[in-house]
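The exercises below concern contacts between side chains, and each is followed by a solution that goes step by step. Please look at the sequence and the structure before reading on.

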Amino acid sequence: MMIRYASYFIAALLPLLLFRWFAPASIGEIDFWLLWLLAMVLVSLPVIYAEVALAYRSAESPLAGMQKLTREADASSLWRSFAWLAALVSIVIAALVVSDASNRILVALTELNSVPNIPSFAVGAGLLVIAVLLSLLGAAPLPIGLGLMIIGLALGVANGLPTISFAMTDISLSEWARAVALALVSVGAGTGLYWFGQHLVSKQTLLTSSANHSEAATTKNQSTAVYRTTKLVLPIWILQLIVGVIALFISGLNLPPIAQLVYGLGVLFVVSYLLHYAVQQLSYKFGLVISLLLTVGLGVVLVVAVPTTWLVGLLVIISSVAVLLLSVFVGWQMKISHLRKSLNFGNEGFYNLWRIAIRIFVPLALILALVGWVLQWIS
């Protein structure tokens, strides 16, 4: 049952986890909010449509699906890099939020005069190992993580919300870069998570049909007649908008020690699903045991050896390249007839708008955002 709602949990959880890393210093910058809304429409929405359409077309998880789709399109195996990068993005996100959570927990324990005599990097590595073990539970920890994070944030809100002064500021490429990051990384667009979630739902549906002695082929044909990507994508996108606005308002919230501990515990449960996704992708090539070891090893190295500011930069670069690969492959490599059938829009005009966005607006927005990040890092 939890698999069916995994995509919605991710859409609600990622903004709470990541918005603070990409929000401007002054949350009241009206122009930034407008840029974020523009990026959500022009970049995030088309990319989520693409993910769900590819999940339906391939009937496989991202890594296996990209192999199938590139063969079908007679395209270079280079485009399969998207699936590998998407799995890596999930590990980097996990490392970033676990590293931050370990620092928060240590600060909270210090304020409570209960700090253990353990180096901070060891705490982060231990938390990541725990998250990997929880990943064996699949999507089950997601509602627990959301509940604990909401409790932690509610305890912080009880102490008062931060004061926000709204004003218009000068628009810059670096501001656009942060807005695009919020519209992609912080809501999971282009990470393969929605593709993976839709694949799990389809797989569960087929297994249920088989258990009820129904023909899988018949079920698939029936689903083709009623399938609409919009029915899945729009609820996810609207949820992202709502939670995104909430996350922007509370991104500067100061949590008391107990709230920090509760919030940090919730983060572990959420991160476990990200690592579950990475392990499942890697296991297609390496098997479950080796994939678990690879995920643990890479995650621990990132948590222990890489500062959080560097992790943010690494996350921006890898995710931008991944989404760029996805948009170019979908927009320029796949057959038009395959995409039209997979998206199954009720109106041809909607399909044409989506195709223009995925072929032109998304790549252009990503390139401008990368330029903005480079200018910001140089300065």
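A charge sits over a ring if NZ of Lys or CZ of Arg is within 6 Å of the ring centre and within 35 degrees of the ring normal. The model used here is predicted.

**Exercise 1.** Determine over which ring the charged end of arginine 20 sits.

*Solution.* The charged end of arginine 20 sits over the ring of tryptophan 21, at 4.7 Å from its centre. Arginine 359, in turn, lies over the face of tryptophan 332, 3.5 Å from the ring centre.

**Exercise 2.** Work out which residues the salt bridges that share partners join into one network with Arg20.

*Solution.* Begin with arginine 20, whose side chain meets that of aspartate 100 in a salt bridge (3.2 Å, N to O); this pair links distant parts of the chain, since arginine 20 belongs to helix 1 and aspartate 100 to helix 4, 80 residues apart. Next, aspartate 100 also meets arginine 104 in a salt bridge (2.9 Å, N to O), and these two are separated by about one helical turn because they are four residues apart in helix 4. Then consider exposure: arginine 20 counts as partly exposed at 36% relative accessibility, whereas aspartate 100 and arginine 104 are both buried. Salt bridges with shared partners thus join Arg20, Asp100 and Arg104 into one network.

**Exercise 3.** Classify the ring pair of phenylalanine 196 and tyrosine 273 as stacked, edge-to-face or tilted.

*Solution.* The structure holds 12 aromatic pairs. In this one the centres are 6.4 Å apart and the planes lie at 50°, so the pair is tilted. Phenylalanine 196 lies in helix 8 and tyrosine 273 in helix 11, so the pair ties together parts 77 residues apart in sequence. Both residues, phenylalanine 196 and tyrosine 273, are buried.

Notes: Residues numbered from 1 in each chain as written. Predicted model: local features only at pLDDT ≥ 70, side-chain atom pairs only at ≥ 80, totals over all residues. Heavy atoms only, no water. Phe/Tyr/Trp six-rings, centres within 6.5 Å; stacked < 30°, edge-to-face > 60°. Buried < 20%, exposed > 50% of the residue type's maximum accessible area, 1.4 Å probe, protein only. Salt bridge = Lys/Arg side-chain N within 4 Å of Asp/Glu carboxyl O.
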